[in-house]
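Welcome! Here are some short exercises, each with a worked solution. Try each task yourself before reading on.

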Amino acid sequence: MLQDWLEKKKDEAKEVHRSLKIAAGIFKHLKESHIPKLITPAEKGRDLESRLIEAYVIQCQAEAQEVTIARAIELKHAPGLIAALAYETANFYQKADHTLSSLEPAYSTKWRKYLHLKMCFYTAYAYCYHGETLLASDKCGEAIRSLQEAEKLYAKAEALCKEYGETKGPGPTVKPSGHLFFRKLGNLVKNTLEKCQRENGFIYFQKIPTEAPQLELKANYGLVEPIPFEFPPTSVQWTPETLAAFDLTKRPKDDSTKPKPEEEVKPVKEPDIKPQKDTGCYIS
């Protein structure tokens, strides 16, 4: 039973991962091939506006990489690989946020809060697993400083979760801080930091740097690219004549907005009714 459940979760993760890559490809295809051809330019802050479409592409890539990170942690891959994937994912969220930075706050404030908290969260993941890598290389002092930075960023992500939940704006509100994956990081940072501090007190006696280590991590595996998308071939039923009928550039001018001339109101001639003595009414 447990094995069946694990296989089901694995299949679901694969489906989510692939769906997000397909979605990124669709958004990218629309942005590059179809939106520039619109007769009426997309309104600012609307779904087809170039900055929003670009943010959709990047966010889909970032969320697909979240699935990759969860899988790498589950399979206990090397901490260096997990740290690099987390760092690349944080950079995706930062890039998406930068894409929306010039958008009016009414459209972007809530969305950007979400991107900020995800950026902090995955940077905390990167520092946490980078700390494990440093400890394995006998750099315990640097490992402690890396984990202290992870602890600080995790606390910031928690605060941003609360701010995000209180921010008004378009779209549904999710609760990242309630997810098990989010809560696990807090315990992982705490336990790994305590372990490094014990090791440093018993074995290494290394000085803890004042500055956090610079993350110059590059993942060689697991990076997400959009799956190229193309519309299916046009059906033979769409003849040139049929397509021409849908050409909005050749439609007749719409005169409905022009004021219509007022019609002359002709006087109504009342009928000439003569009073009659016999009305047909009787009183009994």
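**Exercise 1: The nonpolar core**

How many residues are in the largest nonpolar core, and which of them have the most contacts inside it?

*Solution.* Keep in mind that this is a predicted model.
- Step 1: count the members. The largest nonpolar core holds 53 residues.
- Step 2: look for the best-connected ones. The residues with the most contacts inside this core are Leu100, Leu115, Phe121, Tyr122, Tyr125, Leu185 and Cys196.
- Step 3: ask where the core residues come from. Helices α2, α3 (79-100), α4 (105-136), α5 (140-166) and α6 (180-204) each give two or more residues to this core. The largest share, 16 residues, is supplied by α4.
- Step 4: zoom in on one member. Setting aside neighbours within four places in sequence, Leu115 touches Gln59, Tyr93, Ala96, Asp97 and Leu100.

**Exercise 2: The whole chain**

Work out how many helices and strands the protein chain has.

*Solution.*
- Step 1: list the elements. There are seven helices and zero strands, so reading from the N terminus gives α-α-α-α-α-α-α.
- Step 2: check burial. Of the 284 residues in the protein chain, 33% are buried.
- Step 3: turn to the surface. About 20,000 Å² is exposed by the protein chain, and 56% of that is supplied by carbon and sulfur atoms.
- Step 4: see how far contacts reach along the sequence. Taking contacts between residues at least 6 apart in sequence, 79% join residues at least 24 apart.

**Exercise 3: Salt bridges**

Find which parts of the chain are tied together by the salt bridge between Lys31 and Glu54.

*Solution.* As background, side chains of opposite charge can pair when their charged atoms come close.
- Step 1: check the distance. The closest N and O atoms of Lys31 and Glu54 are 3.6 Å apart, and the cut-off for a salt bridge is within 4 Å.
- Step 2: place both ends. Lys31 belongs to helix α1 (residues 2-34) and Glu54 to helix α2, so this pair ties together parts that are 23 residues apart in sequence.
- Step 3: judge exposure. Lys31 is partly exposed because its relative accessible area is 30%. Glu54 is partly exposed too, at 23%.

Now try a second pair: are Lys118 and Glu66 buried or exposed?

*Solution.*
- Step 1: identify the link. The side chains of Lys118 and Glu66 form a salt bridge, at 2.8 Å from N to O.
- Step 2: place the ends. Lys118 sits in helix α4 and Glu66 in helix α2, 52 residues apart, and the pair links distant parts of the chain.
- Step 3: give the burial. Lys118 is buried, and Glu66 is buried as well.

For a third pair, take Arg46 and Glu43, whose closest N and O atoms are 3.9 Å apart in a salt bridge. Arg46 is partly exposed, with a relative accessible area of 45%, while Glu43 counts as exposed at 53%. Salt bridges can also join up: Arg145, Glu149 and Lys152 are linked in a network. The count for the model comes to eleven salt bridges.

**Exercise 4: Two residues and their contacts**

Decide why Thr68 counts as buried.

*Solution.*
- Step 1: compare with the cut-off. Thr68 counts as buried because its relative accessible area is 17%, and buried means under 20%.
- Step 2: locate the residue. Thr68 is part of helix α2 (residues 50-74).
- Step 3: find the contacts. Apart from neighbours within four places in sequence, Thr68 is in contact with His17, Leu85, Gly222 and Val224.

Next, which residues does Leu188 contact, leaving aside its neighbours within four places in sequence?

*Solution.*
- Step 1: locate Leu188, which lies in helix α6 and counts as partly exposed at 24% relative accessibility.
- Step 2: name its contacts, which are Cys128, Tyr129 and Glu132.
- Step 3: look at a further pair. Leu188 and Glu151 are 37 residues apart along the chain, and their C-alpha atoms are separated by 9.8 Å.

**Exercise 5: A surface patch and an annotated region**

Identify which residues make the nonpolar surface patch of about 340 Å².

*Solution.*
- Step 1: name the members: Trp238, Leu243 and Phe246.
- Step 2: take one of them. Leu243 is placed in helix α7 (residues 240-244) and is partly exposed, with a relative accessible area of 44%.

Lastly, describe the chain over residues 140-167.

*Solution.*
- Step 1: consult the record. An unreviewed UniProt entry places the feature "coiled-coil region" at these residues, 140-167.
- Step 2: compare with the model. Residues 140-167 are 96% helix and 0% strand, with the end C-alpha atoms 40 Å apart.

Note on methods:
Residues numbered from 1 in each chain as written. Predicted model: local features only at pLDDT ≥ 70, side-chain atom pairs only at ≥ 80, totals over all residues. Heavy atoms only, no water. Helix = DSSP H or I, 4+ residues; strand = E, 2+ residues; numbered from the N terminus. Buried < 20%, exposed > 50% of the residue type's maximum accessible area, 1.4 Å probe, protein only. Contact = heavy atoms within 4.5 Å. UniProt positions renumbered as here; feature names shortened; annotations may be inferred. Core = buried A, V, L, I, M, F, W, Y, C linked by side-chain atoms within 4.5 Å. Patch = residues over 30% accessible without salt bridge, like charges linked within 9 Å, V, L, I, M, F, W, Y side chains within 5 Å. Areas by Shrake-Rupley, 256 points an atom, 1.4 Å probe, with all protein chains shown as cover.
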